[in-house]
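Biologist: Could you take me through one part of this model closely, namely the salt bridge, and set it within the chain as a whole?

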Amino acid sequence: MSLTESIVQALGSWSWVVLGLILLGLEILAPGTVFLWFGLSAIVVGVVALLFDFSWQVHVGLFVVLSIVSLLIGRKLMLKAASETGDPGLNKRGSRYIGREFTLTTPLSEGAGKLSIDDTIWRISGPDMPAGTKVRVDGVDGARLVVSDVNGEKTS
């Protein structure tokens, strides 16, 4: 008899709970959330094994079914949570400013200039305007914001 077999026999139904805790521990070391669902399934099988006296084949079958079901449900929940908490404009920072109005601190000349927004200085393009002009961000061209005069002058 191997060491593993003797441990499983000594622990009995608790071996499922121990397996579940080991799998939950592996979840910390592995990327993703795969071991989480297997670990939870093993713990549920351990609780069922403590309450009901089924054969080991039933325990293994229950573990397989619970693992697959919990993995599918867990993936669906994780995708839903990720889509709800994600920032769609994360990699398109300039698009966050479209429609917002700012005041030029430096003049916009020859169709180019700079605009300070929060803690970032953006390159901007648009018609020539003096410092102090209120501008609206109309679009993004690469890393450059396209602006127009709030009073109605269109971008160039």
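Modeller: In this predicted model, the protein chain has 4 helices and 5 strands, and from the N terminus on they run in the order α-α-α-α-β-β-β-β-β. Of the contacts in the protein chain with a separation of 6 or more, 40% are between residues 24 or more positions apart, and the salt bridge you ask about links distant parts of the chain as well. By the rule applied here, the count comes to 1 salt bridge, in which the side chains of arginine 136 and glutamate 101 meet at 3.9 Å, N to O; the cut-off is 4 Å, so this pair qualifies. Arginine 136 belongs to strand β4 (residues 134-141) and glutamate 101 to strand β1 (residues 101-103), the two being 35 residues apart. In general, side chains of opposite charge can pair when their charged atoms come close. As for their surroundings, arginine 136 has a relative accessibility of 27% and therefore counts as partly exposed, and glutamate 101, with a relative accessible area of 40%, is partly exposed too.

For the wider setting, buried residues make up 29% of the 156 residues in the protein chain, and among them are Ser15, Trp16, Val17, Gly20, Leu23 and Glu27 of helix α2. That helix, residues 14-29, should span 22 Å because its 16 residues are taken at 1.5 Å a residue, and the 23 Å between its end C-alpha atoms agrees with this. Finally, the protein chain exposes about 10200 Å², of which carbon and sulfur atoms supply 65%.

Definitions and conventions: Residues are numbered from 1 along each chain as its sequence is written. This is a predicted model: local features need pLDDT of at least 70, side-chain atom pairs count only at pLDDT 80 or more; totals for chains, interfaces and linings use all residues. Side-chain values use heavy atoms; hydrogens and water are left out. Buried means under 20% relative accessible area, exposed over 50%, partly exposed in between (1.4 Å probe, protein chains only). The expected span of a helix is 1.5 Å times one less than its number of residues. Contact means heavy atoms within 4.5 Å. Accessible areas come from the Shrake-Rupley method with a 1.4 Å probe; for residues, only the protein chains shown count as cover.
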